[in-house]
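Work through the exercises below with the sequence and the 3D structure at hand. Try each task before reading its solution.

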Amino acid sequence: MMFCVVTGGAGFIGSHLVDALVARGDRVLVIDDLRAGSRENLAAHLESGAVELCVADLLGDGWQEACRGADLLYHLAADPDVRGSARSPQAVFDNNVTATERVLEAMRTCGIPGLVFTSTSTVYGEATTIPTPENYAPLEPISVYAATKLAGEALISAYCATYGMRAWVFRFANIIGPRSGHGVIKDFIDKLRADPGELEILGDGRQSKSYLDVRACIGAMQCVVNADPGPFAVYNIGSEDWVDVRTIADTVVREMGLEGVAYRFTGGDRGWVGDVPRMLLSVEKLRNLGWQPEIGSAASVSAAVRAMLQSG
Ligand code: NAD
(Lines give C-alpha, C1' and ligand atoms only; values in the text may rest on other atoms or scores of the structure.)
Protein backbone atom coordinates (compact mmCIF):
# COMPACT_ATOMS: atom_id res chain seq x y z
CA MET A 1 0.00 0.00 0.00
CA MET A 2 1.31 3.44 -0.93
CA PHE A 3 0.54 6.75 0.75
CA CYS A 4 -0.45 9.16 -2.03
CA VAL A 5 -1.24 12.87 -1.81
CA VAL A 6 -3.48 14.31 -4.52
CA THR A 7 -3.66 18.10 -4.80
CA GLY A 8 -6.82 19.11 -6.63
CA GLY A 9 -8.24 15.67 -5.80
CA ALA A 10 -11.77 17.02 -5.37
CA GLY A 11 -11.79 18.31 -8.96
CA PHE A 12 -12.71 16.58 -12.20
CA ILE A 13 -9.58 14.58 -13.14
CA GLY A 14 -8.35 14.47 -9.53
CA SER A 15 -11.45 12.71 -8.26
CA HIS A 16 -11.20 10.03 -10.97
CA LEU A 17 -7.55 9.55 -10.04
CA VAL A 18 -8.58 9.15 -6.40
CA ASP A 19 -11.13 6.50 -7.46
CA ALA A 20 -8.30 4.53 -9.11
CA LEU A 21 -5.90 4.91 -6.16
CA VAL A 22 -8.55 3.80 -3.66
CA ALA A 23 -9.45 0.85 -5.90
CA ARG A 24 -5.87 -0.42 -5.75
CA GLY A 25 -5.75 -0.03 -1.97
CA ASP A 26 -3.63 3.10 -1.52
CA ARG A 27 -3.94 5.46 1.43
CA VAL A 28 -5.02 8.81 -0.09
CA LEU A 29 -4.84 12.37 1.23
CA VAL A 30 -6.57 15.00 -0.91
CA ILE A 31 -5.58 18.65 -0.59
CA ASP A 32 -8.10 20.94 -2.23
CA ASP A 33 -9.57 24.29 -1.29
CA LEU A 34 -12.78 23.40 -3.17
CA ARG A 35 -12.70 26.54 -5.32
CA ALA A 36 -13.67 24.37 -8.30
CA GLY A 37 -13.83 20.87 -6.82
CA SER A 38 -16.46 19.50 -4.45
CA ARG A 39 -16.87 17.07 -1.57
CA GLU A 40 -19.57 15.41 -3.67
CA ASN A 41 -16.91 14.20 -6.13
CA LEU A 42 -15.34 12.23 -3.25
CA ALA A 43 -18.52 11.46 -1.31
CA ALA A 44 -18.28 7.65 -1.27
CA HIS A 45 -14.62 7.68 -0.21
CA LEU A 46 -15.14 10.29 2.50
CA GLU A 47 -18.03 8.26 3.87
CA SER A 48 -16.07 4.99 3.86
CA GLY A 49 -13.00 6.67 5.36
CA ALA A 50 -10.81 5.59 2.42
CA VAL A 51 -9.82 9.19 1.69
CA GLU A 52 -8.83 12.04 3.95
CA LEU A 53 -9.65 15.55 2.72
CA CYS A 54 -7.59 18.54 3.81
CA VAL A 55 -9.41 21.69 2.73
CA ALA A 56 -6.56 24.14 2.16
CA ASP A 57 -5.24 26.60 -0.39
CA LEU A 58 -1.76 25.63 -1.61
CA LEU A 59 -0.89 29.33 -1.58
CA GLY A 60 -1.45 29.33 2.19
CA ASP A 61 0.07 27.14 4.90
CA GLY A 62 -1.09 24.35 7.18
CA TRP A 63 -1.23 21.50 4.63
CA GLN A 64 2.47 20.68 4.30
CA GLU A 65 2.91 18.63 7.49
CA ALA A 66 -0.05 16.41 6.56
CA CYS A 67 1.96 15.24 3.53
CA ARG A 68 4.90 13.93 5.55
CA GLY A 69 5.55 10.25 4.86
CA ALA A 70 3.91 10.27 1.41
CA ASP A 71 5.45 8.04 -1.27
CA LEU A 72 4.01 9.94 -4.21
CA LEU A 73 2.38 13.34 -4.66
CA TYR A 74 0.06 13.94 -7.60
CA HIS A 75 -0.08 17.69 -8.22
CA LEU A 76 -3.27 18.45 -10.14
CA ALA A 77 -4.47 21.61 -8.37
CA ALA A 78 -4.33 24.48 -10.84
CA ASP A 79 -6.40 27.01 -12.65
CA PRO A 80 -7.14 24.98 -15.83
CA ASP A 81 -8.83 27.70 -17.88
CA VAL A 82 -6.90 28.87 -20.97
CA ARG A 83 -9.42 31.56 -21.81
CA GLY A 84 -9.60 32.94 -18.27
CA SER A 85 -5.81 33.15 -18.07
CA ALA A 86 -5.90 36.13 -20.46
CA ARG A 87 -8.22 37.97 -18.07
CA SER A 88 -6.28 37.34 -14.84
CA PRO A 89 -2.67 36.41 -15.63
CA GLN A 90 -1.32 37.20 -12.16
CA ALA A 91 -3.85 34.94 -10.42
CA VAL A 92 -3.09 32.11 -12.84
CA PHE A 93 0.65 32.59 -12.37
CA ASP A 94 0.22 32.43 -8.58
CA ASN A 95 -1.96 29.33 -8.71
CA ASN A 96 -0.03 27.42 -11.36
CA VAL A 97 3.60 28.48 -10.82
CA THR A 98 3.93 29.73 -7.25
CA ALA A 99 1.73 26.91 -5.93
CA THR A 100 3.82 24.35 -7.85
CA GLU A 101 7.01 25.75 -6.34
CA ARG A 102 5.39 25.55 -2.88
CA VAL A 103 4.47 21.91 -3.52
CA LEU A 104 8.08 21.17 -4.54
CA GLU A 105 9.35 22.89 -1.39
CA ALA A 106 6.96 20.86 0.75
CA MET A 107 8.22 17.69 -0.97
CA ARG A 108 11.84 18.68 -0.36
CA THR A 109 11.35 19.50 3.30
CA CYS A 110 9.11 16.48 4.01
CA GLY A 111 11.28 14.08 1.99
CA ILE A 112 8.60 13.02 -0.52
CA PRO A 113 10.45 11.20 -3.30
CA GLY A 114 8.04 11.28 -6.27
CA LEU A 115 5.80 13.75 -8.12
CA VAL A 116 3.21 13.40 -10.87
CA PHE A 117 2.40 16.68 -12.64
CA THR A 118 -0.51 17.36 -14.99
CA SER A 119 0.73 19.59 -17.79
CA THR A 120 -0.88 20.31 -21.12
CA SER A 121 -0.70 20.02 -24.89
CA THR A 122 -0.81 23.82 -24.99
CA VAL A 123 2.91 24.00 -24.04
CA TYR A 124 3.58 23.17 -27.73
CA GLY A 125 1.91 26.39 -28.88
CA GLU A 126 0.89 26.23 -32.54
CA ALA A 127 3.05 23.21 -33.36
CA THR A 128 3.97 22.69 -37.00
CA THR A 129 4.47 18.93 -36.48
CA ILE A 130 1.20 17.05 -36.04
CA PRO A 131 0.87 14.61 -34.30
CA THR A 132 3.22 16.48 -31.96
CA PRO A 133 5.84 14.40 -30.12
CA GLU A 134 7.25 15.17 -26.66
CA ASN A 135 10.59 16.31 -28.09
CA TYR A 136 8.98 18.91 -30.37
CA ALA A 137 10.73 22.30 -30.33
CA PRO A 138 10.63 25.21 -29.97
CA LEU A 139 8.12 25.27 -27.11
CA GLU A 140 6.39 28.62 -27.66
CA PRO A 141 3.15 28.80 -25.65
CA ILE A 142 0.50 31.25 -26.88
CA SER A 143 -1.53 31.51 -23.65
CA VAL A 144 -0.63 32.53 -20.11
CA TYR A 145 -2.05 29.21 -18.90
CA ALA A 146 0.31 27.27 -21.18
CA ALA A 147 3.26 29.40 -20.10
CA THR A 148 2.54 28.71 -16.42
CA LYS A 149 2.43 24.96 -17.05
CA LEU A 150 5.71 25.07 -18.96
CA ALA A 151 7.22 27.05 -16.08
CA GLY A 152 5.96 24.34 -13.71
CA GLU A 153 7.64 21.65 -15.84
CA ALA A 154 10.92 23.59 -15.75
CA LEU A 155 10.83 23.95 -11.96
CA ILE A 156 10.12 20.24 -11.57
CA SER A 157 13.03 19.31 -13.85
CA ALA A 158 15.33 21.50 -11.76
CA TYR A 159 14.12 20.05 -8.45
CA CYS A 160 14.64 16.50 -9.74
CA ALA A 161 18.21 17.29 -10.79
CA THR A 162 19.04 19.30 -7.66
CA TYR A 163 17.34 17.31 -4.90
CA GLY A 164 17.22 13.78 -6.32
CA MET A 165 13.43 13.55 -6.72
CA ARG A 166 11.60 11.63 -9.43
CA ALA A 167 8.83 13.16 -11.53
CA TRP A 168 6.40 12.15 -14.24
CA VAL A 169 5.04 15.02 -16.31
CA PHE A 170 1.90 14.43 -18.42
CA ARG A 171 0.94 16.69 -21.27
CA PHE A 172 -2.79 16.13 -21.64
CA ALA A 173 -4.96 16.61 -24.71
CA ASN A 174 -8.56 17.54 -23.81
CA ILE A 175 -9.62 15.21 -21.03
CA ILE A 176 -13.37 14.79 -20.71
CA GLY A 177 -15.98 12.74 -18.86
CA PRO A 178 -18.28 12.69 -15.86
CA ARG A 179 -17.77 15.48 -13.26
CA SER A 180 -16.11 17.80 -15.78
CA GLY A 181 -16.85 21.35 -14.73
CA HIS A 182 -15.40 23.25 -17.68
CA GLY A 183 -14.64 22.99 -21.41
CA VAL A 184 -16.52 22.96 -24.69
CA ILE A 185 -19.04 20.21 -23.85
CA LYS A 186 -20.17 21.91 -20.64
CA ASP A 187 -20.33 25.24 -22.49
CA PHE A 188 -22.63 23.75 -25.17
CA ILE A 189 -24.87 21.92 -22.67
CA ASP A 190 -25.26 25.06 -20.54
CA LYS A 191 -26.06 27.23 -23.57
CA LEU A 192 -28.57 24.76 -25.01
CA ARG A 193 -30.32 24.36 -21.67
CA ALA A 194 -30.69 28.15 -21.54
CA ASP A 195 -31.82 28.41 -25.18
CA PRO A 196 -32.61 25.13 -27.04
CA GLY A 197 -33.20 27.05 -30.28
CA GLU A 198 -29.77 28.55 -30.84
CA LEU A 199 -26.15 27.65 -30.07
CA GLU A 200 -23.30 30.13 -30.07
CA ILE A 201 -20.11 28.39 -31.25
CA LEU A 202 -16.85 30.20 -30.59
CA GLY A 203 -14.71 30.48 -33.75
CA ASP A 204 -15.64 28.87 -37.09
CA GLY A 205 -16.33 25.42 -35.61
CA ARG A 206 -13.43 23.88 -37.52
CA GLN A 207 -10.99 23.84 -34.62
CA SER A 208 -9.87 20.20 -34.45
CA LYS A 209 -8.50 18.60 -31.31
CA SER A 210 -7.92 15.33 -29.58
CA TYR A 211 -10.27 14.32 -26.74
CA LEU A 212 -9.81 11.45 -24.32
CA ASP A 213 -12.08 9.86 -21.73
CA VAL A 214 -10.82 10.64 -18.22
CA ARG A 215 -10.66 6.97 -17.15
CA ALA A 216 -8.43 6.10 -20.11
CA CYS A 217 -6.27 9.07 -19.15
CA ILE A 218 -5.84 7.79 -15.58
CA GLY A 219 -4.98 4.33 -16.95
CA ALA A 220 -2.27 5.85 -19.13
CA MET A 221 -0.80 7.79 -16.19
CA GLN A 222 -0.61 4.69 -14.03
CA CYS A 223 0.96 2.70 -16.88
CA VAL A 224 3.79 5.26 -17.16
CA VAL A 225 4.41 5.58 -13.41
CA ASN A 226 4.69 1.79 -13.16
CA ALA A 227 6.89 1.34 -16.24
CA ASP A 228 9.22 4.35 -16.47
CA PRO A 229 11.61 4.84 -13.52
CA GLY A 230 12.31 8.49 -14.43
CA PRO A 231 13.96 10.44 -12.85
CA PHE A 232 12.25 13.03 -15.08
CA ALA A 233 9.82 11.62 -17.65
CA VAL A 234 7.53 13.56 -19.99
CA TYR A 235 4.61 11.85 -21.77
CA ASN A 236 1.77 13.02 -23.99
CA ILE A 237 -1.66 11.57 -23.21
CA GLY A 238 -4.50 11.83 -25.71
CA SER A 239 -6.46 10.04 -28.41
CA GLU A 240 -4.84 9.29 -31.74
CA ASP A 241 -7.52 11.13 -33.69
CA TRP A 242 -9.35 14.43 -33.42
CA VAL A 243 -12.84 15.85 -33.81
CA ASP A 244 -13.87 19.36 -34.77
CA VAL A 245 -15.99 21.67 -32.67
CA ARG A 246 -18.95 21.51 -35.04
CA THR A 247 -19.06 17.72 -34.64
CA ILE A 248 -19.08 18.18 -30.87
CA ALA A 249 -22.01 20.60 -31.22
CA ASP A 250 -23.86 18.03 -33.38
CA THR A 251 -23.21 15.33 -30.75
CA VAL A 252 -24.53 17.48 -27.89
CA VAL A 253 -27.61 18.50 -29.89
CA ARG A 254 -28.33 14.85 -30.82
CA GLU A 255 -27.82 13.53 -27.29
CA MET A 256 -30.11 16.26 -25.91
CA GLY A 257 -32.78 15.18 -28.41
CA LEU A 258 -33.00 18.65 -29.96
CA GLU A 259 -33.90 19.52 -33.54
CA GLY A 260 -33.58 22.62 -35.67
CA VAL A 261 -30.94 24.28 -33.50
CA ALA A 262 -29.46 27.33 -35.28
CA TYR A 263 -25.69 27.51 -34.98
CA ARG A 264 -24.24 31.01 -34.62
CA PHE A 265 -20.48 31.06 -35.21
CA THR A 266 -18.51 33.94 -33.72
CA GLY A 267 -16.01 33.49 -36.58
CA GLY A 268 -12.25 33.32 -36.94
CA ASP A 269 -10.03 30.26 -36.86
CA ARG A 270 -10.00 30.02 -33.05
CA GLY A 271 -12.43 30.34 -30.17
CA TRP A 272 -10.53 32.87 -28.07
CA VAL A 273 -7.16 34.51 -27.65
CA GLY A 274 -4.70 31.75 -26.77
CA ASP A 275 -6.78 28.96 -28.33
CA VAL A 276 -4.69 26.48 -30.36
CA PRO A 277 -6.96 25.58 -33.32
CA ARG A 278 -5.34 22.24 -34.24
CA MET A 279 -4.05 19.84 -31.62
CA LEU A 280 -3.14 16.18 -31.95
CA LEU A 281 -0.45 14.61 -29.80
CA SER A 282 1.83 11.75 -30.73
CA VAL A 283 1.34 8.95 -28.21
CA GLU A 284 4.08 6.75 -29.65
CA LYS A 285 6.16 7.01 -26.46
CA LEU A 286 3.19 5.81 -24.42
CA ARG A 287 2.48 3.02 -26.90
CA ASN A 288 6.09 1.85 -26.57
CA LEU A 289 5.33 1.08 -22.90
CA GLY A 290 2.53 -1.23 -23.99
CA TRP A 291 -0.36 1.23 -23.56
CA GLN A 292 -3.19 0.68 -26.03
CA PRO A 293 -5.69 3.46 -26.69
CA GLU A 294 -9.09 1.98 -25.76
CA ILE A 295 -11.20 4.82 -27.08
CA GLY A 296 -10.95 7.58 -29.70
CA SER A 297 -12.02 11.21 -29.68
CA ALA A 298 -15.56 10.82 -31.06
CA ALA A 299 -16.45 7.99 -28.67
CA SER A 300 -14.93 9.92 -25.76
CA VAL A 301 -17.07 12.93 -26.67
CA SER A 302 -20.29 10.89 -26.96
CA ALA A 303 -19.67 9.16 -23.62
CA ALA A 304 -18.84 12.44 -21.89
CA VAL A 305 -21.94 14.18 -23.25
CA ARG A 306 -24.19 11.34 -22.06
CA ALA A 307 -22.58 11.25 -18.61
CA MET A 308 -22.74 15.01 -18.19
CA LEU A 309 -26.40 15.12 -19.26
CA GLN A 310 -27.27 12.31 -16.82
CA SER A 311 -25.63 14.04 -13.88
CA GLY A 312 -27.78 17.12 -14.48
P1 NAD B 1 -10.53 21.12 -12.01
O2 NAD B 1 -10.72 22.60 -11.92
O3 NAD B 1 -11.75 20.25 -12.01
O4 NAD B 1 -9.59 20.63 -10.83
C5 NAD B 1 -8.64 21.45 -10.19
C6 NAD B 1 -8.82 21.28 -8.69
O7 NAD B 1 -7.79 22.02 -8.03
C8 NAD B 1 -10.16 21.82 -8.19
O9 NAD B 1 -10.76 20.85 -7.36
C10 NAD B 1 -9.78 23.07 -7.39
O11 NAD B 1 -10.67 23.30 -6.32
C12 NAD B 1 -8.37 22.73 -6.93
N13 NAD B 1 -7.52 23.91 -6.71
C14 NAD B 1 -7.23 24.88 -7.61
N15 NAD B 1 -6.39 25.76 -7.06
C16 NAD B 1 -6.12 25.33 -5.80
C17 NAD B 1 -5.29 25.82 -4.73
N18 NAD B 1 -4.59 26.94 -4.85
N19 NAD B 1 -5.25 25.13 -3.59
C20 NAD B 1 -5.97 23.98 -3.44
N21 NAD B 1 -6.76 23.47 -4.41
C22 NAD B 1 -6.83 24.14 -5.56
O23 NAD B 1 -9.65 20.86 -13.31
P24 NAD B 1 -9.28 19.50 -14.06
O25 NAD B 1 -9.81 19.59 -15.43
O26 NAD B 1 -9.61 18.32 -13.22
O27 NAD B 1 -7.69 19.65 -14.19
C28 NAD B 1 -6.79 18.96 -13.33
C29 NAD B 1 -5.38 19.24 -13.80
O30 NAD B 1 -5.19 18.74 -15.14
C31 NAD B 1 -5.00 20.72 -13.83
O32 NAD B 1 -3.66 20.83 -13.41
C33 NAD B 1 -5.14 21.09 -15.29
O34 NAD B 1 -4.32 22.17 -15.64
C35 NAD B 1 -4.68 19.79 -15.94
N36 NAD B 1 -5.17 19.64 -17.31
C37 NAD B 1 -6.49 19.41 -17.53
C38 NAD B 1 -6.95 19.25 -18.84
C39 NAD B 1 -8.40 18.94 -19.14
O40 NAD B 1 -8.72 18.73 -20.31
N41 NAD B 1 -9.30 18.90 -18.18
C42 NAD B 1 -6.05 19.34 -19.91
C43 NAD B 1 -4.71 19.60 -19.65
C44 NAD B 1 -4.28 19.72 -18.34
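**Exercise 1. The surroundings of a helix**

Which helices and strands are among what covers the buried residues of α5?

Solution. The structure is a predicted model.

Step 1. Check the helix itself. Helix α5 covers residues 144-163, and its 20 residues, at 1.5 Å a residue, should span 28 Å. The C-alpha atoms at its ends are 28 Å apart, which agrees.

Step 2. List the buried residues. In α5 these are Tyr145, Ala146, Thr148, Lys149, Gly152, Glu153, Ile156, Tyr159 and Cys160. Viewed down the axis of α5, the buried residues fall within an arc of 160°, so they line one face of the helix. An α-helix has 3.6 residues a turn, so residues three or four places apart point the same way.

Step 3. Look at the other side of α5, where Ala161 and Thr162 are exposed.

Step 4. Name the cover. The buried residues of α5 are covered by elements including the helices α3 (84-87) and α4 (89-110) and the strands β5 (114-120), β6 (166-172) and β11 (232-237).

**Exercise 2. A second helix**

Find which residues of helix α6 (residues 184-194) are buried, and what they pack against.

Solution.

Step 1. The buried residues in α6 are Ile185, Phe188, Ile189 and Leu192. Seen down the axis of α6, they fall within an arc of 100°, so they line one face of the helix.

Step 2. Their packing partners are β7 (174-176), β8 (198-201), α8 (245-255) and α10 (297-310).

**Exercise 3. The ligand**

Which of the 29 residues around the ligand come nearest, and how much of the ligand's area does the protein bury?

Solution.

Step 1. The nearest of the 29 residues are Asp32, Leu76, Asn95, Tyr145 and His182.

Step 2. Find which elements contribute. At least two residues of the shell come from each of α1 (12-23), β5, α5 and β7. With three residues, β5 gives the most.

Step 3. Look for polar atoms. A polar backbone atom of glycine 11 is 3.1 Å from an oxygen atom of the ligand. For alanine 36, a polar backbone atom is 2.9 Å from an oxygen atom of the ligand. Asparagine 95 places a polar side-chain atom 2.6 Å from a nitrogen atom of the ligand.

Step 4. The ligand taken alone exposes 820 Å², and the protein buries 96% of that.

**Exercise 4. Backbone angles**

Most residues other than glycine have a negative phi, and most peptide bonds are trans. Examine leucine 34, arginine 179, proline 131 and proline 231 with this in mind.

Solution.

Step 1. Leucine 34 is not a glycine, but has a positive phi of about 65°. Leucine 34 sits in the loop between β2 (27-31) and α2 and, with a relative accessible area of 22%, is partly exposed.

Step 2. Arginine 179 also has a positive phi, near 80°. Its place is the loop between β7 and α6, and at 32% relative accessibility arginine 179 counts as partly exposed.

Step 3. The peptide bond from isoleucine 130 to proline 131 is cis, with omega near -5°. Proline 131 belongs to the loop between β5 and α5.

Step 4. From glycine 230 to proline 231 the peptide bond is cis, with omega near 15°. Proline 231 lies in the loop between α7 (214-227) and β11.

How values were computed:
Residues are numbered from 1 along each chain as its sequence is written. This is a predicted model: local features need pLDDT of at least 70, side-chain atom pairs count only at pLDDT 80 or more; totals for chains, interfaces and linings use all residues. Side-chain values use heavy atoms; hydrogens and water are left out. Helices (H or I, at least four residues) and strands (E, at least two) are DSSP runs, numbered from the N terminus. The expected span of a helix is 1.5 Å times one less than its number of residues. Buried means under 20% relative accessible area, exposed over 50%, partly exposed in between (1.4 Å probe, protein chains only). The arc is that of the directions from the helix axis to the C-beta atoms. Contact means heavy atoms within 4.5 Å. A residue is near a molecule or strand if one of its heavy atoms lies within 4 Å of it. A polar contact is a pair of N or O atoms within 3.5 Å; within protein, one must be able to donate a hydrogen and the other to accept it, and residues adjacent in sequence count only if both atoms are side-chain atoms. Accessible areas come from the Shrake-Rupley method with a 1.4 Å probe; for residues, only the protein chains shown count as cover.
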